[in-house]
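Dear colleague,

Please find below the sequence and structure that I am handing over to you. My findings follow directly after them.

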Amino acid sequence: MPHIAIISSSVRIGRISHRVALYFKNYLADSKLASAELVDLQAYNFPLFEERLRFQASPAPNVLDFASRIKAADGVIIVTPEYNGGYPASLKNVIDLLTDDWSRKPVAISTVSDGNFGGSQVLISLQFSLWKIKAWTVPAMFQVAKAPGTFDEGGVPADKQATDRRASAFIKELLWCIEAKNRMAIE
Ligand SMILES: Cc1cc2nc3c(=O)[nH]c(=O)nc-3n(C[C@H](O)[C@H](O)[C@H](O)COP(=O)(O)O)c2cc1C
């Protein structure tokens, strides 16, 4: 069974997008499509980026812990809020930290906003950064608009049926990319 790491990117006090990360964790557990773990950037509380992991002489244990979870995952779901059209510094921090380990990693992006557009601008800017470091971004979207009313604090969606249908299509694309990568014999 593939293993998926779900990165919850917002470290903001009173964050809403974390609800979407919780939803994916519950959805994957219930659907048994993959095993999943939540990788919560708020819990890691990383300092501002100073250098890439491979150039750090004595990396902090939480940096190594984060890196090992991303390395071990067959695929990653990044749940990101949209801040001024971009993604939060907390997420840039870990993209830059790992750099090489993102190469050819299947990554599905879920964008969250409290406005009407569900983070359509951050979807573009994050895709560009991930492309730069050779991550394999999955051509599927899971946008969440008007987030506070769409998921409760435990990640339960207001419209479970419609949300599960969208999640199924989104996750299937990620699983397809994971399977395709596994079938490749070349490095
Ligand atoms: C600094 C900042 C900038 C924001 N900029 C945008 C934006 O450009 N577009 C948008 O739709 N929402 C914007 N929002 C609202 C977020 O979409 C909202 O906080 C949402 O709940 C997701 O972020 P969260 O997980 O941190 O709560 C902004 C919020 C903050 C704190």
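Is Lys134 buried or exposed? Lys134 counts as exposed, because its relative accessibility is 57%. Please bear in mind that the model is a predicted one, and that every value in this message was computed from it.

Lys134 lies in the loop that runs between α5 (120-132) and β5 (136-144). Its phi is near 70°, a positive value in a residue other than glycine. Most residues other than glycine have a negative phi. Asn45 also departs from that pattern: it is not a glycine, yet its phi is positive, at about 50°. Asn45 sits in the loop between α2 (41-44) and α3 (61-72), and with a relative accessibility of 62% it counts as exposed. A further positive phi, of about 45°, is found at Thr99, just after α4.

Overall architecture

The chain contains 7 helices and 5 strands. In sequence order these elements give the pattern β-α-β-α-α-β-α-β-α-β-α-α. For 187 residues, a compact globule would have a radius of gyration near 16 Å, and the chain agrees with this because its own value is 16 Å. The C-alpha trace spans about 50 × 40 × 25 Å along the principal axes.

Of the 187 residues in the chain, 47% are buried. Considering contacts between residues at least 6 apart in sequence, 80% join residues at least 24 apart. The exposed area of the chain is about 9800 Å², of which carbon and sulfur atoms supply 55%. As to charge, the chain carries 21 positive and 19 negative charges, and the mean positions of these two sets are 3 Å apart.

Helix α4

How many of the 10 residues of α4 are buried? The number is 7, so α4 is largely enclosed by the rest of the structure. The buried residues are Ser90, Leu91, Asn93, Val94, Ile95, Leu97 and Leu98. Their cover includes the helices α2, α3 and α5 as well as the strand β3 (75-81).

The loop between α4 and β4

Two residues of this loop deserve separate mention. Lys105 is found between α4 (89-98) and β4 (106-112). Lys105 is buried yet has no salt bridge. Asp74, which is the nearest side chain of opposite charge, is 6.9 Å away from Lys105, whereas a salt bridge requires a side-chain nitrogen and a carboxyl oxygen within 4 Å. Leaving aside neighbours within four places in sequence, Lys105 is in contact with Ile70, Lys71, Ala73, Asp74, Val76, Ala135, Trp136 and Lys181.

Ser103 has its place in the loop between α4 and β4. With a relative accessible area of 32%, Ser103 is partly exposed. When neighbours within four places in sequence are left aside, its contacts are with Ile133, Lys134 and Ala135. Ala135 is thus listed among the contacts of Ser103 and among those of Lys105. Ser103 and Glu37 stand 66 residues apart along the chain, and their C-alpha atoms are separated by 20 Å.

With kind regards

Definitions and conventions: Residues are numbered from 1 along each chain as its sequence is written. Side-chain values use heavy atoms; hydrogens and water are left out. Helices (H or I, at least four residues) and strands (E, at least two) are DSSP runs, numbered from the N terminus. The radius of gyration is taken over C-alpha atoms; the globule rule is 2.2 Å times the number of residues to the power 0.38. Buried means under 20% relative accessible area, exposed over 50%, partly exposed in between (1.4 Å probe, protein chains only). Contact means heavy atoms within 4.5 Å. Accessible areas come from the Shrake-Rupley method with a 1.4 Å probe; for residues, only the protein chains shown count as cover. Lys and Arg count as positive and Asp and Glu as negative; His and the chain ends are not counted. The place of a charge is taken as NZ of Lys, CZ of Arg, CG of Asp or CD of Glu.
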